[in-house]
Amino acid sequence: MIRIIGLTGLAMLAFAANSVLARQALGAAQLDAAGFTAIRLLAGAVTLGLLVGLSRAASWRQIASLGSAQQAAALFGYALAFSLAYVLLGAGMGALVLFVSVQFGMIARGLIAGDRPGALEWLGLVVALGAFVYLISPGLSAPDPLGTLLMVVSGLCWAAYSLLGRGSTRPLTDAAGSFVRCVPFALILLIFGLVWQLPSPLGVALAIASGAITSGLGYAIWYAVLPQLTRTRAAVVQLSVPVIAAAIAVPVLGEAVTPRLLIASIIILGGIAIAIQGPGAAVSCDRLARFAIEQYHHAMPHPPMTPMNRALALAEEAAANGEAPVGAVVMEGETVLAAERNRMKALNDPTAHAELLAMRAALAKRGTGRLDGCDLYVTLEPCAMCAGAIAHSRVRRVYFAAEDTKAGAVENGVRLFEQPSCHHAPEIIGGIGAARSEAMLKAFFQDLRRG
Ligand code: ZN
């Protein structure tokens, strides 16, 4: 537990330090924004390339061809706008504007994709947006308008980078690939930067630290600790980044905290906290957290895609037999204890859900009344009945693919594992293989309606 808190704190500190390093270098004109961006991207490419190569997540030759051109473009846009903004903005103000822009970019994409936040979430969002408008509105202590605009662009680029990577099968190595793909553009930028202004040694050191430590290693730590956090906790913890940035910037950079920044920060962060804690919880950094969890699991030596692929194949088999396409696999370490699919129709049994059948078979095979230490892979978010059975059988971890907004009881509906009456809550990892499961369910119910 202390290790988790420590690593989470370290990751947040790294993200906040990114802003402080950039401001320290650019605010004091130790080097220009082009040079800082170039050196940061190069240092990040070397660090992430080494991490991926040494961990054998991909071969050395592969690294430059990983990721996509769009993701690399979004990363480049984020990094360049970020540096340009920090010529004009303080570290505390910049970190807050960046954070808010990323969140609103994600939320906007979610709304377009059909997310429907609840009343409480809307309230949180409206309050946060109102306070943000107050923060940047003209006045005595208003932030530089061009700097603010550049930071909003940077935040939107980062949101795009995260969303573009969501459907990827190997996102962690893709992140390294995106940095490496930026290298030629970073070199061009570096030449421009050198012509413009010769950087000071301190400026170069700050840019390298920003790329190698607070970007490269910061992400690695964050991905390592994320699977230990619930999605909501992961989202809430990120609210601390602008606060930490401001807390460092005051003594280190001598920045003043204006009443406007203080009041707006409290209201914005409070509003976003309400929005992501809301009953629907379909918004914002939730998505970022889920994406990062997927990244981590894809980079594992035995990625959970293998059992999940088996469960997806069973779901396909269910559909071929006229059953709703859901499959489930119970694993004990590397061993498959049971693999089942929906059989409600075949057995004339409304309780014959895939995961319930799989858990029963696994218990029979083990000859015990418990599944402690076992993991359940299921292609659809479990319903209230199955969630109850999961708690009773003391399953260690539940991986599920698609969310079920209608009948799900884990991250939707009654959220059984979060109830005080629930005596055992497994670790939950959602979204693994979600796209394939969603497509199957959609096709099945479309066919059903057509008759
Ligand atoms: Zn069920």
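**Why these terms apply: questions about a predicted model**

Colleague: What makes the pairing of the Glu 381 side chain with the backbone nitrogen of Asp 404 a polar contact?

Modeller: In this predicted model, the side chain of Glu 381 comes to 3.0 Å from the backbone nitrogen of Asp 404, and because a polar contact requires a pair of N or O atoms within 3.5 Å, that distance meets the limit.

Colleague: Where does Glu 381 sit, and why is Glu 381 called buried?

Modeller: Glu 381 belongs to the loop between S3 and H17. Its relative accessibility is 2%, and buried means under 20%, so Glu 381 falls into that class. Among the residues that Glu 381 touches, setting aside those up to four places away in sequence, are Phe 400, Ala 402, Gly 408, Val 410 and Asn 412.

Colleague: Why is Ser 19 called buried, and which residues is Ser 19 in contact with?

Modeller: Ser 19, which lies in helix H1, has a relative accessibility of 3% and therefore counts as buried, the limit being under 20%. Leaving aside neighbours within four places in sequence, Ser 19 is in contact with Phe 82, Tyr 86, Ala 91, Ala 95 and Ala 245. Phe 82 and Tyr 86 are themselves among the buried residues of H3. The C-alpha atoms of Ser 19 and Ile 248 are separated by 9.9 Å, although these positions lie 229 residues apart along the chain.

Colleague: Why does the span of helix H3 agree with what its number of residues leads one to expect?

Modeller: Helix H3 runs over residues 69-88, and at 1.5 Å a residue its 20 residues should span 28 Å, whereas its end C-alpha atoms are 29 Å apart, which agrees.

Colleague: What is the span of helix H6 from its first C-alpha to its last, and what caps its N-terminal end?

Modeller: Helix H6, residues 145-164, reaches 28 Å, close to the 28 Å expected for 20 residues. Its N-terminal end is capped by Asp 144, of which a side-chain oxygen lies 3.0 Å from the backbone nitrogen of Leu 146. The buried residues of H6 include Leu 150, Met 151, Cys 157, Trp 158 and Tyr 161.

Colleague: What do the buried residues of H16 pack against?

Modeller: They pack against strands S1, S2 and S3 and against helix H17; one of these buried residues is Met 359, and Leu 356 and Leu 357 are also among them. H16 covers residues 354-366 and reaches 18 Å, close to the 18 Å expected, and Gly 367, with a positive phi near 70°, follows the helix.

Colleague: Why is Val 127 called partly exposed, and which nonpolar patch includes Val 127?

Modeller: Val 127, in helix H5, has a relative accessible area of 36%, and because partly exposed covers the range between 20% and 50%, that value belongs there. Val 127 helps to make a nonpolar surface patch of about 910 Å², along with residues including Leu 120, Tyr 134, Val 250 and Ile 274. Residues of this kind need over 30% to enter a patch, so the 36% of Val 127 is enough on that point. H5 and H12 each supply at least two residues of the patch, and H12 gives the most, with 5 residues.

Colleague: How many helices and strands does the protein have, and what share of its residues counts as buried?

Modeller: There are 18 helices and 5 strands, and 54% of the 451 residues count as buried.

Terms used
Residues are numbered from 1 along each chain as its sequence is written. This is a predicted model: local features need pLDDT of at least 70, side-chain atom pairs count only at pLDDT 80 or more; totals for chains, interfaces and linings use all residues. Side-chain values use heavy atoms; hydrogens and water are left out. Helices (H or I, at least four residues) and strands (E, at least two) are DSSP runs, numbered from the N terminus. The expected span of a helix is 1.5 Å times one less than its number of residues. Buried means under 20% relative accessible area, exposed over 50%, partly exposed in between (1.4 Å probe, protein chains only). Patches are made of residues with over 30% relative accessible area and no salt bridge: like charges are joined within 9 Å, nonpolar side chains (Val, Leu, Ile, Met, Phe, Trp, Tyr) within 5 Å. Accessible areas come from the Shrake-Rupley method with a 1.4 Å probe; for residues, only the protein chains shown count as cover. A salt bridge is a side-chain nitrogen of Lys or Arg within 4 Å of a carboxyl oxygen of Asp or Glu. Contact means heavy atoms within 4.5 Å. A polar contact is a pair of N or O atoms within 3.5 Å; within protein, one must be able to donate a hydrogen and the other to accept it, and residues adjacent in sequence count only if both atoms are side-chain atoms.
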